[in-house]
Amino acid sequence: MLPRINGGRPRTNEYIYDGISALQPEPGQVAFFPILDDVAEFTIEANNVPAEFGRFNGGVVNVATQSGSSDVHGSLFEYLRNEDLNARNYFAPTGRRPEYRRNLYGATLGAPILRNRLFFFGDYQGIKQLIGRTLTSTIPTINERNGIFRNVSHIYNPATTTIVNGKNVRQEFPGDVINIPFDPAAQALLARFPLPTNGNAANNYSRTANDADHQNQFDVRVDGAYGTRDHAFGRYTYYNEVEQPVTPLPDGSGLISGSALGTGGVPGLSNVRGQQAVANETHTFSPRLVNNLTGGYTRRSNNIIGPELGSTASTALGIPGIPINAAFNNALPLFTLTGIQQLGPSASTFANFQTSVWQVVDTAVYTRGAHAIKAGIDFRWYQLNTVSPPNPTGSFAFTTTGTNQQGLVLAPGDKLANGNSIASFLLGQVDTFQIDLQHAKLRPRDYIEEYFLQDDWKASNRLTLNFGARWTLHHPSTEKTNQGAVFNLATQQLDYVGVDGNSRSARELHYGNVAPRLGFTYLATEKTVIRSGFGIVFIDQSGITTPFTVPQFPFIQSVTQKTQDSVNAAFALSHGPSVAPIPLTPNAGLGQSVYTADRTAGSGYVQQWNLAVQRAVTNNLSVEIAYVGSNIIHVGIPDSNLNQLTADQLAQGSSLLTPVTNPYFGQLPPSSSLDTKNIAAAQLIKPYPRFQNVATYRHNSGTTNYNAIEAKAEQRFSHGLSFLFAYAHSKLIDDASSVFSSTVLSSPNTSSLIAADTFRPYLERDSSNGDMPNVTSFSGIYDLPAGRNHRFASTSVGNALLGGWSFNTILSLQSGMPVTVTQATNNNSFAGFSLQRPNIIGNPHLTAGQRTPARYFNTAAFSTAPQFVIGTASRNPVRGPAYRDLDVSLIKRTRLVEKADLEFRAEMFNVTNTPEFAQPNGSFGSPAFGSITATTTDPRVVQFAIRLSR
C-alpha cells in the first residue's frame, strides 16, 4: 500500500534505497519494501525538498540500509498470528472463524571480515500466510437461471425486433418469462455460476476461502574503507512473493476489487520477483570537497495467470471465431453482465511483465564559509519487456440492450427494469466483444538525464536560505524494434515509428524543464522557527510514473465487434465473433480503435509550496502549524474518446439510430462491426466515421489541486514518555483520480476510456477519490516506571518480572473518501460516449443513524438518465465510510547476558473491532447499488512476537 503525500498520487512518490530508486515504471510500483531490520535510518522529504531529489509528485522516501561493524551483531525473530486469537470479520458467515495464519520470521547478522577495513551485513525474512476472506457477490437467482424475470424486469424478445415509425419495437415475453431456447453456449456457461447462498436479489452469494501468500527476501551488503579518504559498499537485495488470491466465484472467476490488509489484491496467481544491486564509492578530496558516486540496477518481474480451460477457448466453450494469441490461449474469457458478478478474470490477469532501471548518480559537496554547495547528475535507463494482452481470449459484454424496449415509458407505479442483462446473456445477445492480440514481446526503452545544483547559505545566525535548480532532459521513449504506430488525425492512417522517415518516438524532447527550489529557515526567537519553500518537480512525459509514450497498436491489437445501434446484438454468442488479426499496414486502424499522440505535450510537473511555524513549548515538547499546497500540471488521466458526438448532436434523439446506407461498406475489414451495408446514422456524423474509438495516447492533460492546514505536537522521549499528535484538514480536487487502464498497451476500449463527455472535460472536475478532508493520528510510547533505576521493583527479581515493560499505541482517524457513481447501462455508447452517469434528483447523503452496509447512501436520490441524455450527477457525488483504528502493544525487554537481549511483544490491532468498511457499490442500476459487501482491514487481530538480539 503506497501512501499519498501532500496531494500527490500514491504511485508518483520517489523511493530511494541507498541512493538508488526502487520505483519501477509501468505501473509505478516499488520493486520491494526493505526488511525493517535492514533499515539504519529513513527520512520522508515532503516540504522544501532539495534539488538533489526529483521525479516525484508528492514526496521522497529515503532509506539507508544497515552495514556491518567491527563487532558481531545480529538477531532472530518470529511474529505469529492465528484465527483463534482474532475477532470475526463482519461479513464472515456464522460457524468457525475464517482461517488466519501468519508467520513472519527471519534473522540478521553483521560482522567484520577484515577488522576496521571490511565489513559484512546480511539478513533474511520469510512470510507464510493464509488469510480467510469472505467475498459477497450478486449472481443469477434460481428463477433467473430458468429464464423467469417476473416482478424483476420487463424483458422483450430480440428475435421480434422490427422498426415502427423509425423506432425499434419488440414484443414482450409473456409474463416476462423466456419461452424460447437459451443460447447453447450461454446455457453451458451458466453452470459456472454457483447457486445462491440466500434468497435475496442482490448480494446473494458469499464465499469464504484462503488468500495464500508466501514471501522470501534477503539482503547482502559489504562495506570497505581504503585509508582515510575512500569508503565503498555494495548491496544486493532479492525479493520473491507468490500469492493466490481468493476469487468471488469458485472457478476462479470474478472481479477482485481492493484487498484486505495483508493481501496484495492481485487479479490471479501472481509470482513477483524484485532485485536490486547497488555500488557506492565516497571519496574525500579535502575537508571542503567530497564526492559520492552511486550506481544501481533494479528489476521487477510479475508473472500472473488466472482460470484456464482444458483447450482453446473456442473449443472448450463452443464459441467459434476467437482468434489465437501469442500466449494464454487456454484462458477463460471474460463475460460481463451488467449488475452481476462477472464470469472469467478481470483484464490483464494473464501477463508476463518485467521492468528494470539502470541508474547512475554522482554528487559533489563543496563547503566554503557559510555556503554548502551540492551539484550532481542523475541518469536513468528504463526498460520494459512484456507479453500481456489484457484480454487474450476476449471479453463478452451483455447489457439490458439485448432484451429492452427502446424509448419505453413505464406506467406510473411500475418500478420494473427495462430489459435485463441476465436475460440478454441467456439469449446470447452479445453487446460488445473485444479481444487483445499480441504476437511478439514488446520492448519499450527510455533514457532520462537530470542535472542539479543546490546552495544552502547560512546568511546569518538566524537565517538560512536555500537556492536550487534541477534540469530534466527526458528523451522520448522508443520501442527496441520499432513496434509502434501513431494515428495521424490528418491523413487518418497509421504512421509507423522508425520507418518512412517517421521519428522513432511519439513525443519530443523539451529543453526547458528547469525546476527551481527556493526556501528559507528563520529563527524568529530562541523557541520559534519559521520555514517556507517553493519548488517545481518534473516527472515522466506521461504525467505519472511511466516514461513510455509510444502507442503499441497494432503490434498489440484491441479488436472490437459491438452493437451499432444499442439495440441489435453484435452477434449471437454461440455463433461467435467474426474478428480477425489486422495486417500491419497504414490502414490497419480502419474499422478499429486507434491511438494518436500529442507530440508537443509537456512533461508532468508539480508546484509545491508551504509555510510552517514551529514553537518549542518545553525542552522536549514542540508544536507546529503549517500550510501546505500543491498543483500538479499535465498529470496522467484515463483516455477520452475523440470519436464521440457532441452533446448537441446527441440531442437529435432517435434519428441517430436510423439505419442508413454505409458509404464505407467494402472499404473496411470484413471482421469489423462497421463493415455493414447499413449503419446507424450516428456513426456517419462522428469526427472519424471509419473508426471506432480514437484517443490520444497517455494524454497527460489533467490537473490536481491540494491545500491543507496541518498541526503537530511532538513530545520527545522524556521521563519514559514520548508521543506524536498530528491533524490535517485538506481539500484535494482533480479531473480524474485514476490513471490509464493497464489495457492501454493495446488500443482505446471501454476499460481505458473514462469521461462523461470528451468535449466538456470540466464535467470530470470534482473532489478526488483520494480526498480525505480530516486526518487525525496519535502515537505514543510509555516505559512503565518499574525495574532497575526505578523506585518500584528495583530488585533483581522485581526487575526480571516487572522491569523493561513499555506500552505503545497508535490511533488513526480518517474521513470517508468520495465514491464514483456511474450508470450500469450506458445508453449512449453507440454515440462514442465512454460512460453515462445517472440523473441526481435529491440529496444522496444519509445521516449517520440512517447509514447501513445494505444502504450506505440515499439510492433514491438517483434516477436513470435516458438515452440521448447526459446525466446530471457529478463524478463523485457521495462519500464512503470513515476509517477508525486503534492499535496497542505491550513489550518486555530482558537482558539475558552481556550484549544479548530478549524481547517479547504482544500486539493487538483494531482493538475496538470496528469494521473498516470498503466503499459502497457505485453502479446505478445494479441490484447492489449503494451497498457494502467487504471490509478494507482485518477485524481485531492479536499478534505475538519474540526477538533475540545481540
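Is Glu241 buried or exposed, at 15% relative accessibility? Glu241 counts as buried, because its 15% falls under the 20% limit. The model behind this value is predicted.

**Around Glu241**

Glu241 sits in strand β14, which covers residues 230-244. Its contacts reach beyond its sequence neighbours. Leaving out residues up to four places away in sequence, Glu241 touches Asp213, His214 and Gln215 as well as Ser270, Asn271 and Val272. Take His214 from that list. His214 and Glu241 are 27 residues apart in sequence, yet their C-alpha atoms are 5.6 Å apart in space. Gln215 has a further link: its side chain and that of Glu241 are joined by a polar contact of 3.3 Å.

**Aromatic rings**

The whole structure holds 32 aromatic pairs. Two of them are set out here, with ring-centre distances and plane angles.

| Pair | Centre distance | Plane angle | Arrangement |
|---|---|---|---|
| Phe487 and Tyr688 | 6.1 Å | 80 degrees | edge-to-face |
| Phe924 and Phe929 | 5.4 Å | 85 degrees | edge-to-face |

Why is the pair of Phe487 and Tyr688 edge-to-face? Its planes stand at 80 degrees, so the angle is over the 60 that this label requires. The pair links distant parts of the chain, 201 residues apart. Phe487 belongs to strand β27 (residues 485-488). Tyr688 lies in the loop between α6 (681-684) and β38 (694-696). Phe487 is buried, at 1% relative accessibility. Tyr688 is buried too, with a relative accessible area of 14%.

The pair of Phe924 and Phe929 is edge-to-face because its planes are at 85 degrees. Phe924 counts as buried at 12% relative accessibility. Phe929 counts as buried at 10%.

Aromatic residues also gather in a group. Phe379, Trp381, Tyr447, Tyr451 and Trp471 make up one aromatic cluster. Elsewhere, a charged residue meets a ring: Arg221 lies over the face of Phe233, 3.9 Å from the ring centre.

**An open sheet**

Which strands form the open sheet, and in what order? There are four, running β2-β1-β6-β5, and their pairing is mixed. Its edge strands are β2 (20-21) and β5 (39-45), each of which pairs on one side only. Strands of a sheet pair through backbone hydrogen bonds, in a parallel or an antiparallel sense. β5 pairs with β6 (residues 60-65) in the antiparallel sense, over six bridges. Ile44 stands opposite Val61 of β6.

Notes: Residues numbered from 1 in each chain as written. Predicted model: local features only at pLDDT ≥ 70, side-chain atom pairs only at ≥ 80, totals over all residues. Heavy atoms only, no water. Pairing = 2+ DSSP bridges. Helix = DSSP H or I, 4+ residues; strand = E, 2+ residues; numbered from the N terminus. Phe/Tyr/Trp six-rings, centres within 6.5 Å; stacked < 30°, edge-to-face > 60°. Buried < 20%, exposed > 50% of the residue type's maximum accessible area, 1.4 Å probe, protein only. Lys NZ or Arg CZ within 6 Å of the ring centre and 35° of its normal. Contact = heavy atoms within 4.5 Å. Polar contact = N/O pair within 3.5 Å; in protein donor to acceptor, adjacent residues only side chain to side chain.
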